[in-house]
Protein chains: 2
Amino acid sequence: MPAKPRHAQMDCSPGCPVEATLSLIGGKWKGLVLYHLMDGTLRFNELRRRLPNVTQRMLTNQLRELEADGLISRTIFAQVPPRVDYALTERGRSLRTVILALKEWGEEHAAA
Amino acid sequence: MPAKPRHAQMDCSPGCPVEATLSLIGGKWKGLVLYHLMDGTLRFNELRRRLPNVTQRMLTNQLRELEADGLISRTIFAQVPPRVDYALTERGRSLRTVILALKEWGEEHAAA
DNA sequence: ATCGACGGTATCCTTTTCGACACTATGTGC
DNA sequence: GCACATAGTGTCGAAAAGGATACCGTCGAT
């Protein structure tokens, strides 16, 4: 399983929670995914359209990891054509302030 | 140069600033370094002692990247033994709210 | 009969990241 | 003469992350 042993060993002491949080949202496109899901539930291809530079495989990966971390939920409808909805969980929603802080800082300090 | 082409192409549109910010603080130990420097200026080995799991080479790398991004300053004193001080720049200090948001979320949602 | 939409997998390959380890220079204290 | 502290640098290699491409099954519309 190619999960994220990124900061797996949380033996870092004081500032550790900082890294713990980063390890959850630090994946290459996770910030973006979470940001878009803050608008509400989206289907797989709706996300794809919003993130044109992400390959299908990467998007699937990131979504799976976010799901494994309990930040988003994945709801499958037994239909044809298939339909899968992605939405923030309660835990994911609690990241709102963090994501917004990142966004605001980025907007104000766009420096070259 | 092995810098951070991480989110180099900032062609992501709406949530882009989120990724932009993450690309600056998303390095493996950058969050920690910034967090500790919020306490005030630190010398190289003082940082090392606070981050026991970081190899010297990695610490140097992260510091160099943070400096290149204008988040920290590096002051060399022509002494022997050598002395180098690291401190947050104005720009680095402006990250305070972001770092604290990360830390607080991490503390509250430590979940297994 | 073929095409497209949907939500993926599977496979392969390249790039990036990270860690281990060794090595450097200089001056001081023993 | 030796070790120690300081703040690094260099090289190597493993592992992880990321990207490209091709493929799958089903249904409705053409």
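In this predicted model, B:Arg83 and B:Asp85 are joined by a salt bridge whose closest N and O atoms are 3.0 Å apart. Side chains of opposite charge can pair when their charged atoms come close. The two partners differ in their surroundings: B:Arg83 is partly exposed, with a relative accessible area of 27%, whereas B:Asp85 counts as buried at 10% relative accessibility.

Chain A contains a salt bridge between A:Asp85 and A:Arg83, again with 3.0 Å between the closest N and O atoms. Here A:Asp85 is buried, its relative accessible area being 10%, and A:Arg83 is partly exposed at 27%.

Another salt bridge links the side chains of A:Arg50 and A:Asp39, at 3.2 Å from N to O. A:Arg50 belongs to helix H3 (residues 44-50) of chain A, while A:Asp39 sits in the loop between H2 and strand E1 (42-43) of that chain, so the pair ties together parts that are 11 residues apart in sequence. A:Arg50 is partly exposed, with a relative accessible area of 31%, and A:Asp39 is exposed, at 59% relative accessibility. Over all chains, the whole structure holds 10 salt bridges.

The next element to consider is helix H6 (residues 96-108) of chain A. At 1.5 Å a residue, its 13 residues should span 18 Å, and this agrees with the 18 Å between its end C-alpha atoms. The buried residues of H6(A) include A:Val98, A:Ile99, A:Leu102 and A:Trp105. An α-helix has 3.6 residues a turn, so residues three or four places apart point the same way. In chain A, the buried residues of H6(A) pack against helices H1 (16-25) and H2 (30-37); in chain B, they pack against helices H1 (16-25), H5 (90-93) and H6 (96-108).

The protein also meets DNA strand D. Among the 24 residues around this strand, those that come nearest are A:Lys28, A:Arg57, A:Val80, B:Gln56 and B:Arg74. The side chain of A:Arg57 places an N or O atom 2.7 Å from a base oxygen of the strand, and that of B:Gln56 places one 2.5 Å from a base nitrogen. B:Tyr86, by contrast, has a polar side-chain atom 2.8 Å from a phosphate oxygen. Helix H4 (56-68) of chain A gives two or more residues to the surface near strand D, as do helix H3 (44-50), helix H4 (56-68) and strand E3 (83-88) of chain B. H4(B) gives the most, with 4 residues.

By class, this surface has 11 nonpolar, 5 polar and 8 charged residues. Of the atoms of strand D within 4 Å of the protein, 67% belong to sugar or phosphate, and the rest belong to bases.

Notes:
Residues numbered from 1 in each chain as written. Chains lettered and ligands numbered in written order. Predicted model: local features only at pLDDT ≥ 70, side-chain atom pairs only at ≥ 80, totals over all residues. Heavy atoms only, no water. Near = heavy atom within 4 Å. Polar contact = N/O pair within 3.5 Å; in protein donor to acceptor, adjacent residues only side chain to side chain. Nonpolar A, V, L, I, M, F, W, Y, C, P; charged D, E, K, R; others polar. Expected span 1.5 Å × (residues − 1). Buried < 20%, exposed > 50% of the residue type's maximum accessible area, 1.4 Å probe, protein only. Contact = heavy atoms within 4.5 Å. Salt bridge = Lys/Arg side-chain N within 4 Å of Asp/Glu carboxyl O.
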